Amino acid sequence: MSKETPCIAVCFIDPKTKLCLGCGRTLPEIARWGKMDSAERLDTMALLPARMAEAGLEPSSTYAAKRTSAAT
């Protein structure tokens, strides 16, 4: 995956928070991602850990670790 994407291929939108459980982005952010410039992507990515914590969701690194350990 690119360094300019938080995607970890755990694409599921939480119905309560409307955030992707894998990366914390909203559907509009996901849809616009390819059209965003690098600065906008990095700015958005900087917000994601706090956004997920505020929503009570596990950070994407936790999901990535679970996927890695499940695959081995």
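This report walks through the fold, the model confidence, the cysteines and the aromatic rings of the structure above.

## Overall picture

Welcome to a predicted model. The chain contains three helices and zero strands, and reading along the sequence gives the pattern α-α-α.

Of the 72 residues in the chain, 29% are buried. The chain exposes about 4,700 Å², with carbon and sulfur atoms supplying 62% of that area. Among contacts with a separation of 6 or more, 48% join residues that are 24 or more positions apart.

## How confident is the model?

The chain has a mean pLDDT of 85, and 78% of its residues reach 70 or more. Where should you look for the highest and lowest confidence in the chain? Confidence is highest in helix 1 (residues 27-32), at 97, and lowest in helix 3 (residues 60-71), at a mean of 54.

## Two cysteines without a bond

The structure holds zero disulfides. Take C20: its sulfur is 3.7 Å from the closest cysteine sulfur, in C23, which is too far for a bond because a disulfide needs the sulfur atoms within 2.5 Å. Looking from the other side, C23 is in no disulfide either, and its nearest cysteine sulfur is that of C20, 3.7 Å away.

Are these cysteines buried or exposed? C20 is buried, with a relative accessible area of 4%, and C23 is buried too, with a relative accessible area of 3%.

## Around the aromatic rings

The structure holds zero aromatic pairs. There is still a ring to visit, though: R25 lies over the face of W33, at 4.6 Å from the ring centre.

Methods
Residues numbered from 1 in each chain as written. Predicted model: local features only at pLDDT ≥ 70, side-chain atom pairs only at ≥ 80, totals over all residues. Heavy atoms only, no water. Phe/Tyr/Trp six-rings, centres within 6.5 Å; stacked < 30°, edge-to-face > 60°. Lys NZ or Arg CZ within 6 Å of the ring centre and 35° of its normal. pLDDT = per-residue confidence, 0-100. Helix = DSSP H or I, 4+ residues; strand = E, 2+ residues; numbered from the N terminus. Buried < 20%, exposed > 50% of the residue type's maximum accessible area, 1.4 Å probe, protein only. Contact = heavy atoms within 4.5 Å. Areas by Shrake-Rupley, 256 points an atom, 1.4 Å probe, with all protein chains shown as cover.
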